[in-house]
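Colleague: Could you take a close look at a single helix in this model, and then work outward from there to its surroundings? I would rather have one connected account than a list of separate remarks.

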Amino acid sequence: MRPHLPRISRNALALSAVVTLSVGVLAACSSSGSSGSSASTTPSTSATANKTPIVIGASLSLTGDFSADGINYEHGYELWQHDVNAAGGILGRQVVLKILNDNSSPTQVATNYTTLISADHVDLTFGPFSSLLTTPADTVVAHNGYAFVEGAGGAPSVFQSPANEADHNIFDVSLPIRDEMVPFVNYIASLPASQRPKTAAYPMADDPFADPPVQLAQQMLQALGVKTVYSKIFPEEVADYKAPADQVAASGAQIVVLGSTDVPTVSAFMQAFEQSHYNPKLFIAAAGPDQGASFTSVVGKANATGMMVPDGWYPGFKDAASQKLVQEYVAKYGGSASSMSSDVAEAYSVGQVMQQAITATGGTDNAKIIAYLHSGATLTSVQGPVKFDSLGENGESDAFVFQWQNGVFDQVLPASAAGSVTIIATKPNWAS
Amino acid sequence: MAREIYQAIVDGILVGGVYALMAVGLTLIFGVLDIINIAQGILVILGAYLSYELAARLHIDLFLGLLVTVPAMFVIGVAIQWAFIRPLRGRERTSMTLLVTYAIALIIEGILYQAFGPNYKQLNGWYVTSSVHVFGFYLPYIYLFGFVLALALVAALYTMLYRTRFGRSVRATMQDETAARLVGIDTNRVSAITFGVGVAVTAAGGMVYGATSGGFNPNSGYDLISRLLAIIILGGLGSIGGAMVAAVFMLTLESLVDVWSPNWAIVVFYAALVLVLLIRPTGFFGRQPVRAQ
C-alpha cells in the first residue's frame, strides 16, 4: 500500500521550485572566489601552464555578522593571488584559491574545512576571519595534518586550544591581541600624575577577541591607580547598546576602553554618549575604528577624530611592499588609503608567509611547512617581520595604537616609534 | 543605584517603542494570514535602506521620507503576497510559508548585498544625536519620536481594523476565512492588502532602527527576528496593542537586568516569555483561537 502523502497544490510545488531555484542561483552568484574564476583572471605563462596549480582553500564570512571583515579578507587573499600569479606563480605553479562562505557560523566553518580537505583535496589552507571561527576550524584542519596559516585568530584561546596544543599547526601572521593595548597603557603611565586620567570604564562584548586585551589594560591601569568605575561583559547580540552605554556615561569615566568586535558596537556607544552629553577624554576600542571608510561613513569623519584602536598595521605603514599593496587596493577597489581596512593587509600577509614556506620547503607538503614555520625562520610580510613561537604566535610583531585625526588614520603610539604622529591627548567634543 | 534603575526603565521604554514599530507588522500579518513571516527582520532592514537612499541621494528627512517608503513597502508587501504567499494552499500552508518567507529573506538579503555591499550604513538627522533633558535624564529625540510614531501607528491600525468597512472584512477573515468568503468577502484582496499594510508599517520600524542601531548592513535582520517573534507571542499573536505592550515590557525588563548583569539580561528576556506563557498561554492580549482548526 502506498503511503498517504499530503496533497500539495501544483501552485505550491511550482512556487517551491521557483524559490529553490532562485535561492540556488543567488547562492551561486554570491559565493565568490571559486577556483575557476580566480584562475581565469590571472595570467599564466607558457612555462607554468602545464604544471599543476597549487590549490589553497579558505572559509570566509562573506555573509553574516563578520561579512564586512570577511569580504576585506577575500580582497586581501585575491590581491595576493593576483600578484603571485602575475609573477609566474610559486615554484612555477599558478595559485588557485577556493573560498567557501561560512556565513559567520562556527558550525559552518568546520563543515567548510571538512569539504575543502576531504572533498576538494586542497593542497593548503588559509584561515577564516575572527578568533571565534578559527578555533572550530582548526579542530578539522589540525586533525587532517594541515598547516593553518591565518591572520585574524589572535585570541589566546586560539593558541591554547586542544587541537593547536597537540598539533602546533596554527600560525598567526598578525599581532597577538592580548598585548595590543599595552602601548596605550604605557602612554597613560608616561603622563605626569597631575595629567593622568583618574577613572576608566571597560564595557566588553562577550568575544574571545575583544575581551583579553581590555582585561589586561584594566589590570595595568588599575595598577597605575586609575580607578575602575565600570567593567561589564555584555552579550554580542544585545537588543540595543543604549542601556550599557548610558551606564558608562553615568559613570563619568575619563577613559573608555571598549571591547568591541565591529563598527556598530562602537558607533552605538558613540551615539549614546553624544545623546547623554558625555565625552570621555580618551576613547579606545578593540576593533571598529580600524575599518577605514566603513567606520567613518557611519560615525562621520568629524566624530571619528580622537577615536583610537590598537593594531599591527595601517595604510600609512612605511614599507615598500605595504605601500604597493595600498596602491593596488585603491586602484582595484577605489577609495583612499585611509579607507582601507587592516584586514586586507592581514590576509595578504597570510599568503606571503605561505609563499615563503612553500618556496623554502620546495612544495606543498604540510608536515614540512609546519616544521619550517616552527624552525625560527624570520619571514617578511606587508605587516612587517613574522617569526612564530611554539604555539604559532608572531613574536616579531609590534603593537601600535592608531587614531583618527581629521579624516586621516594615523599611528600615534608608541610615541617614539617610527611613523608616529602626535596624539590628540584629549578627544574633541562630539561634532554634530 | 536608584538612578541607574530609573535610567534603565527609561531606556527600556524608549527602546521598546522601536521594537514595537518593528513588531506590529509581524503580528498583523500573523493575525490575518496565519503566517509567521520570517522575512520580517530583512524587511526592517529594507525599510532602513530605503530611508537611507532617500536621505543620501535626495536629502529627504527621515520622517518625511516615510511618505515615500511606507507606500513603497506597501507595494512590495502586496507583490510578495501575490507572488509567493497567495499560491500556497492546503494543510501544509503554514509550514510552507515558513520556508517561503525564509527564502524571501535570503533573496532580499542577496539583492541588498549586491546593491549596497557589506559595509555598514547609518541614518542621520538632527534628532538622532540630540536629546532633551528631563528630570535629570537625557531623552534622545529619535527615541521619543519613534515612540510617538509607534503609538500613532497602533492607533491608526486599530482605527483601520475597528472603524472601517475594510477592517470588518479583515476581522472576519481573521476569525474564519471560509465563512468570510461565503458572505462575499474577497479574502484574497483582504490578505494582499493586509500583508501590504504589515510590510508598510515595517518601513517606519526600519527607519528608526537604522537611526538607533549604530549601523546596519544586509545581514542585520537576523539579529532581530527572534526578539520580534518573542514580542508578538508574548503580546498575543495578532494583537497589535499587545505587541506594543510586550515590546515595552520585554525591553524594560532586559534593560533592568542589564544594570546588574548584562549577560543575564538576554536570558531573562526569553525566560520571561516562557513564564508568562505558562501562566497565560495566549500571551498578554491573545484571544482563544477562533479560527477553524
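Modeller: Helix 4 of chain A is followed by A:Gly88, a residue whose phi is positive, near 100 degrees. Please keep in mind throughout that this is a predicted model. Helix 4 of chain A has 20 residues, and the distance from its first C-alpha to its last is 28 Å, close to the 28 Å expected at 1.5 Å a residue. It is mostly covered, since 17 of its 20 residues are buried, and burial here asks for 20 or more other C-beta atoms within 10 Å of a residue's own.

Part of the setting of this helix is the contact between the chains, which takes 47 residues from chain A and 42 residues from chain B. Helix 4 (67–86) is one of the elements that give two or more residues to the side of chain A that touches chain B, and the others are helix 1 (10–30), strand 7 (227–234), helix 11 (242–251), helix 12 (263–275) and helix 13 (293–299) of chain A. By residue type, that side of chain A divides into 21 nonpolar, 17 polar and nine charged residues.

A useful companion within chain A is helix 16, residues 342–361, which has 20 residues and reaches 29 Å from its first C-alpha to its last, where 28 Å would be expected at 1.5 Å a residue. Of those 20 residues 16 are buried, so helix 16 of chain A is largely enclosed by the rest of the structure. After helix 16 comes A:Gly362, again a glycine with a positive phi, in this case near 75 degrees.

Chain A itself is divided into domain 1, covering 30–178 and 325–373, and domain 2, covering 179–312 and 400–413. The C-alpha centres of these two domains of chain A lie 30 Å apart, and their contact takes 18 residues from domain 1 and 18 residues from domain 2. On the domain 1 side, helix 6 (131–143) and helix 7 (156–159) of chain A each supply at least two residues, and the residues of that side comprise eight nonpolar, nine polar and one charged.

In the loop between strand 3 (124–126) and helix 6 of chain A sits A:Ser130, a residue other than glycine whose phi is nonetheless positive, near 90 degrees. A:Ser130 counts as buried because it has 29 C-beta neighbours inside 10 Å. Another backbone detail of chain A is the cis peptide bond between A:Leu413 and A:Pro414, with omega about -5 degrees, and A:Pro414 belongs to the segment after strand 12 (408–413) of chain A.

Across the interface, chain B has 12 helices and two strands, and its radius of gyration of 19 Å is close to the 19 Å that the globule rule gives for 293 residues, so chain B is as compact as a globular protein of that length. Buried residues make up 57% of those 293 residues. Among contacts in chain B between residues at least 6 apart in sequence, 77% join residues at least 24 apart.

The largest nonpolar core has 229 residues, of which B:Ala23, B:Val24, B:Ile231 and B:Ala247 touch the most other members. Helix 1 (residues 2–33) of chain B gives the most to this core, with 16 residues. Domain 1 and domain 2 of chain A both give residues to the core as well, so it lies between them. Leaving aside residues up to four places away in sequence, B:Ile231 touches B:Tyr19, B:Ala23, B:Ala243, B:Ala246, B:Ala247 and B:Met250.

B:Val10 also lies in helix 1 of chain B, and it is buried because 21 other C-beta atoms are within 10 Å. With residues up to four places away in sequence not counted, B:Val10 touches B:Phe137 and B:Leu139, whereas B:Pro118, which is 108 residues from B:Val10 in sequence, is 33 Å from it in space, C-alpha to C-alpha. In the loop between helix 1 and helix 2 (40–58) of chain B is B:Asp34, a residue other than glycine with a positive phi, near 65 degrees. B:Asp34 is partly exposed because it has 16 other C-beta atoms within 10 Å.

Definitions and conventions:
Residues numbered from 1 in each chain as written. Chains lettered and ligands numbered in written order. Predicted model: local features only at pLDDT ≥ 70, side-chain atom pairs only at ≥ 80, totals over all residues. Domains from an automatic or database assignment. Contact = placed C-beta atoms within 7 Å. Helix = DSSP H or I, 4+ residues; strand = E, 2+ residues; numbered from the N terminus. Nonpolar A, V, L, I, M, F, W, Y, C, P; charged D, E, K, R; others polar. Rg over C-alpha atoms; globule rule 2.2 N^0.38 Å. Buried ≥ 20, exposed ≤ 12 C-beta atoms within 10 Å, placed from the backbone. Expected span 1.5 Å × (residues − 1). Core = buried A, V, L, I, M, F, W, Y, C linked by C-beta atoms within 7 Å.
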